[in-house]
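Open the model in your viewer and keep the selection tool ready. The tour moves from charged pairs to the nonpolar core.

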Amino acid sequence: MKIKTKEMASLLISSMSAVAAVAVMFALRQPWLPTLCVGLGVFAFISVTALVIIRQYVAYKLKPIYSIVLSRNVHTQEIRSELKDKHVEQVSDEIEAWAATNDKEIARLKETETFRKQYLGNVAHELKTPIFNIQGYISTLLDGGLEDDLINRKYLERAEKSIDRLINIVSDLDTIAKLESDMLGMQKEQFDIVALTKEIADQMEMAAARRKITIMVKGADNLPSPFWVLADKHYIGQVLVNLVDNAIRYGKENGVARVKFRDMLDRILVEVTDDGVGIAREDIPRIFERFYRVDKSRSREQGGTGLGLAIVKHIIEGHGEKISVRSELGEGTTFSFSLPKVALKDIK
């Protein structure tokens, strides 16, 4: 028999006590009326007394547990009021729910701690390479290379490249930190996304020419275009720079980097496509992680910080939108994101 309530426990105890008292009275051959009175009296007294004692005991035992659950000192009277209409199972369910919540929080904190350690390790690793390079070049120059016209300029130029890489890494880290702490504050305005993209494509023509890549902006031949959006123009420009730069870095030589626009009713879809080697399926879920590189050696040769896509993700999510990627090995990669559309009649 399951005893689910304090009242049931007290009734069981009082019933057993009353039966025992009646049995004793019968054994002593007492008349039935006094025997009945004694039995009822014992039942009433024991039931009330047992209920009070059980309540006191349960409240005493649960007080430290409730203090932990509620994160404050709990008075015994509060627990009595709380338990007045509750079964033991309900209290158990509450404790189990609290424990499950804490387990999830502990797991989240462990995951955060693991991410923090990995992140710090990655930052140290990324900074270490250019710092050691600079140290090596300067040491060589100080040890006599400065007077050697064959190597002094070459080593200074290499040191400058490493310094530029350090500056880029620190700048990207600062941008991510501000995005995460919401220090930037998006300044949304209406603008022509095609015009902005064409401006960025013109700025990146020289970098594309070095790899013999053509940048094609498709969607509208004439400006202004019908593709107007409401967003932070500066940071969307940074998104486009990062994505087009990726398409140039990792597209194949003599290839094409394409930017397309599509009207999706209340959204404008932007797609940036390259025809490079593509990304393996197992790498796709991780490409937006900080410092994650599909091809680490090639990425460093190309000069990337490993933070560009993380910044892109933060900026797009800061606009309440999402960025996605589809890729096939040997076929190329397409990044796509959407922004709120502004109807031409509403343009101010």
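**Stop one: a charged pair between strands**

Select Glu271 and Arg326: their side chains meet in a salt bridge, 3.1 Å from N to O. A salt bridge here is a side-chain nitrogen of Lys or Arg within 4 Å of a carboxyl oxygen of Asp or Glu. Now colour the strands. Glu271 sits in strand β5 (residues 267-274) and Arg326 in strand β6 (residues 323-328), so the pair ties together parts 55 residues apart in sequence. Helices (H or I, at least four residues) and strands (E, at least two) are DSSP runs, numbered from the N terminus.

Before going on, note that this is a predicted model: local features need pLDDT of at least 70, side-chain atom pairs count only at pLDDT 80 or more, and totals for chains, interfaces and linings use all residues. Residues are numbered from 1 along each chain as its sequence is written, and side-chain values use heavy atoms, with hydrogens and water left out.

**Stop two: the second arginine**

Add Arg262 to the selection. Glu271 forms a salt bridge with Arg262 too; the closest N and O atoms are 3.7 Å apart. Switch on the surface. Is Glu271 buried or exposed? Glu271 counts as buried, at 4% relative accessibility. Arg262 is partly exposed at 42%, and Arg326 is partly exposed at 45%. Buried means under 20% relative accessible area, exposed over 50%, and partly exposed in between (1.4 Å probe, protein chains only).

**Stop three: a pair within one helix**

Jump to helix α10 (residues 308-318). Lys313 forms a salt bridge with Glu317, with the closest N and O atoms 3.0 Å apart. The two are 4 residues apart, which means about one helical turn separates them. Lys313 is partly exposed at 30%; Glu317 is partly exposed at 37%. Back at the earlier stops, shared partners join Arg262, Glu271 and Arg326 into one salt-bridge network. The structure holds 8 salt bridges.

**Stop four: the nonpolar core**

Hide the charged residues. The largest nonpolar core has 49 residues. Such a core is a set of buried Ala, Val, Leu, Ile, Met, Phe, Trp, Tyr and Cys residues joined through side-chain atoms within 4.5 Å. Those touching the most other members include Ile193, Ile236, Leu240 and Phe335. Helix α8 (residues 233-250) supplies the largest share of this core, 8 residues.

Finish by centring on Ile193. Leaving aside neighbours within four places in sequence, its contacts (heavy atoms within 4.5 Å) include Phe227, Ile236, Leu240, Phe261 and Leu339.
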